[in-house]
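Work through the exercises below with the model open. Try each task before reading its solution.

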Amino acid sequence: QGSAGNVIAALCSFFIPGLGQLLQGRLIKAVIQFVLAALLWIVLMGWVIHLWSILDAATWKPRA
C-alpha cells in the first residue's frame with residue numbers, strides 16, 4: 001500500500017496483467033483482468049486490458 005507499493009504493483013502488472021492487483025489483495029479484479037487480457041490477446045486487443053491493469057494498480061487507494 002502507499003505510493004511505493006503501488007509502483008511495485010504497477011511493475012508486476014506490466015509483466016502479467018492482474019498480478020499487481022493480486023499483490024494488493026484484490027483477487028476478483030486480478031482474475032478479471034488476467035482473463036480479459038488473455039482472451040483479448042487472441043485478437044490483438046489485449047494491450048488495452050494490459051494498460052488498464054497497470055494504471056489501476058498504480059492509482060489504487062485503499063478505502064479508509
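Accessible areas come from the Shrake-Rupley method with a 1.4 Å probe; for residues, only the protein chains shown count as cover. This is a predicted model: local features need pLDDT of at least 70, side-chain atom pairs count only at pLDDT 80 or more, and totals for chains, interfaces and linings use all residues. Residues are numbered from 1 along each chain as its sequence is written, and side-chain values use heavy atoms, with hydrogens and water left out.

**Exercise 1. Confidence and surface**

Task: State the average pLDDT of the chain, then describe the area that the chain exposes.

Solution.
- Step 1. pLDDT is the predictor's confidence in each residue, from 0 to 100. The chain averages 84, and 95% of the residues score at least 70.
- Step 2. Compare the elements. Helix α2 (residues 19-23) has the highest mean pLDDT, 89, and helix α4 (residues 46-59) the lowest, 83.
- Step 3. Turn to the surface. About 4400 Å² is exposed, and carbon and sulfur atoms supply 79% of it.

**Exercise 2. Fold and dimensions**

Task: Which elements make up the secondary structure of the chain, and what radius of gyration does the chain have?

Solution.
- Step 1. Helices (H or I, at least four residues) and strands (E, at least two) are DSSP runs, numbered from the N terminus. The chain has four helices and zero strands. Their order from the N terminus is α-α-α-α.
- Step 2. The radius of gyration is taken over C-alpha atoms; the globule rule is 2.2 Å times the number of residues to the power 0.38. For 64 residues, a compact globule would come near 11 Å; the chain has 11 Å, which agrees.
- Step 3. Add the principal axes. The C-alpha trace spans about 40 × 20 × 15 Å along them.
- Step 4. Check the contacts, meaning heavy atoms within 4.5 Å. Of those between residues at least 6 apart in sequence, 49% join residues at least 24 apart.

**Exercise 3. The buried side of α3**

Task: Which residues of α3 are buried, and what do they pack against?

Solution.
- Step 1. Check the helix length. The expected span is 1.5 Å times one less than the number of residues. Helix α3 (residues 27-41) has 15 residues and reaches 21 Å from its first C-alpha to its last, close to the 21 Å expected.
- Step 2. Buried means under 20% relative accessible area, exposed over 50%, partly exposed in between (1.4 Å probe, protein chains only). In the whole chain, 34% of the 64 residues count as buried. In α3, they are A30, Q33 and A37.
- Step 3. These residues cover an arc of only 70 degrees around the axis, which puts them on the same side of α3. The arc is that of the directions from the helix axis to the C-beta atoms.
- Step 4. Name the partners. The buried residues of α3 pack against α2 and α4.
- Step 5. Look at the other side of α3. L27, I28 and L39 are exposed there.

**Exercise 4. Q33 in its surroundings**

Task: Is Q33 buried or exposed, and which residues does Q33 touch?

Solution.
- Step 1. Q33 has 0% relative accessibility, so it counts as buried.
- Step 2. Leave out residues up to four places away in sequence. Q33 then touches P17, G18, Q21, I49, W52, S53 and D56.
- Step 3. Take one distance. Q33 and I16 lie 17 residues apart in sequence, and their C-alpha atoms are 9.6 Å apart.

**Exercise 5. Helix α4, with S53 and G46**

Task: Where do the buried residues of α4 lie around its axis, and which residues do S53 and G46 contact?

Solution.
- Step 1. The 14 residues of α4 should span 20 Å; the end C-alpha atoms are 20 Å apart, which agrees.
- Step 2. List the buried residues of α4: G46, I49, H50, S53, I54, D56 and A57.
- Step 3. They fall within an arc of 165 degrees, so they line one face of the helix. On the other side of α4, L55 and T59 are exposed.
- Step 4. Take S53, with a relative accessible area of 0%. Beyond four places in sequence, S53 touches S13, P17, G18, Q21 and Q33. The C-alpha atoms of S53 and Q21 are separated by 7.8 Å, although their positions lie 32 residues apart along the chain.
- Step 5. Take G46, also found in helix α4. G46 has a relative accessible area of 0%. With neighbours within four places set aside, G46 contacts A37, L40 and W41. The C-alpha atoms of G46 and L36 are 7.4 Å apart.
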